[in-house]
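Me: I'm new to this structure and would like to learn how to read a few of its features. Could you walk me through them?

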Amino acid sequence: KVAKEDPKPREIVEQIAGLYQIEKQAREAQLNPEQRKALRQEKSVPLLAALKERILELRQDPKVLPKSLLGKACSYALNQWERTIKYVDHGEVEIDNNRCENGIRPLALGRKNWLHIGSEEAGPKIAGIVSIIETCRRLGINARDYMLDVLPGLAERKQSELKDLTPLAWKARQQSA
């Protein structure tokens, strides 16, 4: 956006887009974590190596000043590199945290509205409820059905039984019933 005429940043963005294309292939093929890891090892690792090499070249380019936006972006990318590439070694890990960001966005938007909800203890309780609702949404569970089934009698349950009441465990029970 800052340097529309400069092809260097666009080239980097296009290389990153290639990584997302690989993720799209994995999603569309509904690969399990092991298959997704294998696909990433085969296709993403070489792209990431080329991307890192290009970022290093740009950082060494005398026309790219360290304090420029491109120079800062290169330094940031290289400083975060080990964290960035972790996903290729783990098929269950996403390439980015967009799903998480989208999941907590309603919390961030509602935070100011909930400041005066009653007491300081209300915040963690609301966070827990919203977390459960978001988990249900992600798993394709009707949150109302889940809560109507799980909440009655919850106070009488033992701590050891709570693991059986998670949305994932509840969904598995519903599917087996």
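Me: Is Gln 30 buried or exposed, and why?

Reply: Happy to help, and keep in mind that this is a predicted model. A residue counts as exposed when its relative accessible area is over 50%. Gln 30 has 71% relative accessibility, so Gln 30 is exposed. You will find Gln 30 in the loop between helix H1 (7-28) and helix H2 (33-60).

Me: What is the phi of Gln 30 near?

Reply: Start with the general idea: most residues other than glycine have a negative phi. Gln 30 has a phi near 50°, a positive value in a residue that is not glycine.

Me: Now helix H1: is Glu 23 buried or exposed?

Reply: Buried means under 20% relative accessible area. Glu 23, found in helix H1, has 4%, so Glu 23 is buried. Leaving aside residues up to four places away in sequence, Glu 23 touches Arg 36, Arg 40, Tyr 87 and Ile 95.

Me: How many aromatic pairs are there?

Reply: A pair of aromatic rings is described by the distance of the centres and the angle of the planes. Here the count comes to one pair. The ring centres of Tyr 146 and Trp 170 are 5.5 Å apart and the planes are at 90°, so this pair is edge-to-face. The pair links distant parts of the chain, with Tyr 146 in helix H7 and Trp 170 in helix H8, 24 residues apart. Both Tyr 146 and Trp 170 are buried.

Me: Which residues form a nonpolar patch on the surface?

Reply: Leu 151, Leu 154 and Leu 162 do, with about 230 Å² of accessible area together. Leu 154 sits in the loop between helix H7 (143-150) and helix H8 (167-176), and at 31% relative accessibility Leu 154 counts as partly exposed.

How values were computed: Residues numbered from 1 in each chain as written. Predicted model: local features only at pLDDT ≥ 70, side-chain atom pairs only at ≥ 80, totals over all residues. Heavy atoms only, no water. Patch = residues over 30% accessible without salt bridge, like charges linked within 9 Å, V, L, I, M, F, W, Y side chains within 5 Å. Areas by Shrake-Rupley, 256 points an atom, 1.4 Å probe, with all protein chains shown as cover. Salt bridge = Lys/Arg side-chain N within 4 Å of Asp/Glu carboxyl O. Helix = DSSP H or I, 4+ residues; strand = E, 2+ residues; numbered from the N terminus. Buried < 20%, exposed > 50% of the residue type's maximum accessible area, 1.4 Å probe, protein only. Contact = heavy atoms within 4.5 Å. Phe/Tyr/Trp six-rings, centres within 6.5 Å; stacked < 30°, edge-to-face > 60°.
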